Amino acid sequence: MAALCWPLAAHAAPAVALYYGERAGLADFRAFDLVVVDPDHYRQQPLPAWDGTQFYAYASVTEVQPSRAYYADIPVDWKIGRNPAWGSDLIDQSAPGWPEFFATRVIAPLWAQGYRGFFLDTLDSYRLAERFDEQAQQQGLVQLIRGLHQRFPGIRLMLNRGFDIVPQLPGQIEWVAAESLYRRWNATQRQYEEVPEADRSWLLGQLQQVRERHGLPVLVIDYVPPHDRTLARATAQKILADGFTPWVSNAELSGVGMGSIEPVARKVLMIYNAEESPSVNYSVAHRFLQMPLNHLGYTVELRDALEPLPEPILPDRYAGIVLSFSGYLPEGKQAALAAWIERQLAHKVPMAVVGGFGLTPPPGLARKLGLESAARTSAPLEPLPYHAMVGLEAPPPKPGNDVELFLLSAQEKPQASPLVAFRGKSQREQVAAALTSWGGFVLEPYTLVNVPGTEYSRWVIDPFAFLTQALRLPAIPVPDTTTENGRRLLLAHVDGDGFPSLAELPGSPLAAEVLLRDVFMRYRIPQTMSVIEAEVAPHGLYPAQSPQLQAIAKAMFKLPHIEAASHTYSHPFLWDRAVRHGVFKDDGSAAYQLPLPNYRFDLQREIVGSIAYIRDHLVPQGKPVRILQWSGDTAPSTEALKITEEAGLLNINGGDTFITRANPSLTAIGALGIHKAGHLQVYAPITNENIYTNLWKGPFYGFERAIETFELTNAPRRIKPVGIYYHTYSASKPAGLKALHKVYGWALAQPLHPVFTSEFIAKVQDFHGLALAREGEGWRVRGNGALRTLRLPTVLGAAQPERSRGVAGWSEGPEGTYAHLTGGQAWLRAAPMQTPAAPALRDANARITHWDMQAQGGEFQLQGHGPLEFSLHIPSPCQVRAHQRTLAPQSSPTPARTDIRHYRLNDVTARIQIHCPAR
């Protein structure tokens, strides 16, 4: 993305967008203040309730298309002509019944749906009729608009043109819009073109008059080809320079255009072959490639190449395309994929190929890629010097006869940078990996290699470097789910397995009782406990023990630092019965869930039913139960995710992050989660003790190695929070209990930010929905307020709180700096690291619930889950107070930093004041 130099900054006029496309694409407009939509797409589902965004409904006044629901009820004698370019009828504005019809049939239903703003289009289209009375038409329009204000008090109107009636409607128009100041769509010729100078000059004069004489803001709507972001950006800048609000989009207004802000496309399309793995959960694309993209700030849309692929893929919505294939597609699918790739190359969205193209590029595609297949030979190949991003975790293997290599064409070679190349007898470079004019590719075996005798893999190529450079990913503030207010998150959640087990301790107490007494009562940090209904309930597997088991569960859930969750009804081991993998593939007698008599697997019963049981029988009245912790293979089907989401529940588990010193590979770190048909499964940050103990076969102290995972996911990159995740049965063995104490002890000795599991899940959800846009000299952020951290790469420097909005401070991190947000909306300006000019937050173990700070001081409020700890960037003369007393700073771990002061309070919440003498 090219650097922007918008003349507007943090206090700019509202950012306006027009979007007439399907509902599925609306999420890309979250950063805008005002979005005009076609209401026909939102009759079945309500519009989202985004803080800071208003939705205006499109309504055509003098033209009506046959697709509108009210078209058939319009009297024939009201129609005075047609607009053949758009296939619409022209309506006589002087018809006596038209204002009432328009208010009743067009506006009133939309008003009832909640719209309060309306974009009134085609106000001048009556001039397309062969005969019309100009004065009568204008009077009809004025009467119509006045009638809307009388019938709908508080209505807000944006007029598209209608310059002649603006003087007659003082105080009744909020905006005036006009199309085609610099670039237009010629509907007759079906082409984009520049606006002639004479037309531009006339329109510019009209718009200046609206702004200067009538004091109304002006929106200019121009049209450019959807793939040409450079032209869209330049056009928007011209409109801004004229003093107007721009919206530059495609002719159908179905894309994410360019306005006074430029949204950052954070979505990457990942194409895989479903035949290469039992399901998408186990694909190379998801297991190995998604995590680096998530960490770089991007969401991933996974699509199977054996199914029809979406198109066109344009740069307004997608940051890039990744093809991930380990072999060839079936012959019958290759031609369609080749044609699809060729079409997408024309849209200039960067493409990265990892593993292979899934086919041998046919001649037409090969020419566009600038590649020629190298003839395979048994003659030895001499490796040329490898690029620095090659050999990250394993050295590049020697090429065998079966290795596919390419020759770069004469046109492509000057633009490409080989990463892995060889030279044979022909002396021409044969390339296995390269950065190219269209993106880049790295072919097997220079992607990943397997570790012999294990299930482990190693990266040959650096996935972070390759994906960043091949997809031309810009440096952006990265929404971060690992950190809040400069401190790494700490969460703990327990799967209920083994609740009725007897512990190997004196007296043989129940494992659940040991967990309550020795862990939950001892470590009073936010923790989430789940139970399996069939293990605890009187109608389950252990009816005789149920009173005691339920009593322990109630005692757990009564604790304020214990959050309640379900680990399902019968603990399914295989969630998607259409996917056979592992033991279910090899053993037809494998159990699918706990052996409940006469029970037939039912997703509603497992999810919604188990939640209801816990809510009605185990938790104190009013305590929420809203988390489903996946069991078994933790790979729920689309239907299971849909049921969970529609029930208003959060979900977690899966991911299997298990990096250790024995397997110190990025391949052992999972993604944030996985989408299936638009439904998100959130992964646990770190895997559970079952994996560390060889499926609970021993050593039973193995969970202490989770500390290695915590350390390796914090440096050199902080990829995961500290997630303590285990089962109730860990408390059944002395070694397992000792390992728990060691893990908890390590975590509590670190400067972390404790959160409930529900808070972490909400952050991951916010990551996927958060909108980021360039605005002025900074960045606009719009989210739901759960995710409160942006990670700034070193090249961007650090946040400047005093020149930003919604930013409380910053702190150093392993890959740059962390910016601390005060809520779901922010405008961030960054610069090279320097001491803030006003008091700013450096770090805290609690959430900011209020922030108001100026150079002379101010106040803020923290809400945490334990005694408050926080540090401030603060000038030495300033005084810090709370509870009507001056706070004394703690001794500093960095005595040389006199600008940083550390504080501790025994309260879990506090309102803190800072007073600085005038300078």
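Q: Let's start with H17: which of its residues are buried?
A: Buried means under 20% relative accessible area with a 1.4 Å probe and protein chains only, against over 50% for exposed and partly exposed in between. In H17, that label goes to Gly736, Leu737, Ala739, Leu740, Val743, Tyr744, Trp746 and Ala747. Keep in mind that this is a predicted model, where local features need pLDDT of at least 70 and side-chain atom pairs count only at pLDDT 80 or more, while totals for chains, interfaces and linings use all residues. Residues are numbered from 1 along each chain as its sequence is written, and side-chain values use heavy atoms, with hydrogens and water left out.

Q: What covers the buried residues of H17?
A: Helices (H or I, at least four residues) and strands (E, at least two) are DSSP runs, numbered from the N terminus. The cover over H17 includes strands S29 (487–495), S30 (527–531), S36 (722–727) and S37 (752–754), along with helices H9 (511–520) and H16 (706–712).

Q: How many residues does H17 have, and what does it reach from its first C-alpha to its last?
A: The expected span is 1.5 Å times one less than the number of residues. H17 runs over residues 734–748, so 15 residues, and it reaches 21 Å, close to the 21 Å expected.

Q: Which residues touch the most other members of the largest nonpolar core?
A: In soluble globular proteins, nonpolar side chains tend to be buried together. A nonpolar core here is a set of buried Ala, Val, Leu, Ile, Met, Phe, Trp, Tyr and Cys residues joined through side-chain atoms within 4.5 Å. The largest one has 90 residues, and Leu18, Trp98, Phe102, Phe118 and Leu120 touch the most other members. Helix H1 (residues 98–113) gives the largest share of this core, 9 residues. Apart from it lies another core of 82 residues, including Leu302, Phe422, Val478 and Ala826.

Q: What does Leu18 touch?
A: Contact means heavy atoms within 4.5 Å. Leaving out residues up to four places away in sequence, Leu18 touches Phe29, Val36, Phe119, Leu219, Ile221, Trp247 and Leu253.

Q: How many disulfides does a search of the whole structure find?
A: The cut-off is a pair of cysteine sulfur atoms within 2.5 Å. The search turns up 1 disulfide, and Cys878 and Cys916 form it with their sulfur atoms 2.0 Å apart. The pair links distant parts of the chain, 38 residues apart: Cys878 sits in the loop between strands S49 (868–873) and S50 (879–882), and Cys916 in the segment after strand S53 (909–915). The link of Cys878 and Cys916 is right-handed, with 115° about the S-S bond.

Q: Is Cys878 buried or exposed?
A: Cys878 is buried, because its relative accessible area is 6%. Cys916 also counts as buried, at 11%.

Q: Where should I look for backbone oddities?
A: Try the peptide bonds: Gly698 and Pro699 are joined by a cis one, with omega about 5°. Another cis bond joins Ala715 and Pro716, again with omega about 5°, and Pro716 lies in the loop between H16 and S36. Then check phi: Asn485 is not a glycine, yet its phi is positive, about 50°. Asn485 is found in the loop between strand S28 (483–484) and S29, and Asn485 is buried, with a relative accessible area of 0%.

Q: How many cavities of 30 Å³ or more does the structure hold?
A: On a 1 Å grid over the protein atoms alone, a cavity is a set of points where a 1.4 Å probe fits but cannot get out, and lining residues have an atom within 4 Å of a point. Grid points are joined across faces, edges and corners, and the volume is the space filled by probe spheres set on them. The structure holds 3 such cavities, and the largest has about 120 Å³ of space. Of the 16 residues lining the largest cavity, Asn294, His295, Thr481, Leu672 and Ile719 lie nearest its centre.

Terms used: On a 1 Å grid over the protein atoms alone, a cavity is a set of points where a 1.4 Å probe fits but cannot get out, and a pocket is an open set with protein on both sides within 12 Å along at least five of seven lines; lining residues have an atom within 4 Å of a point.
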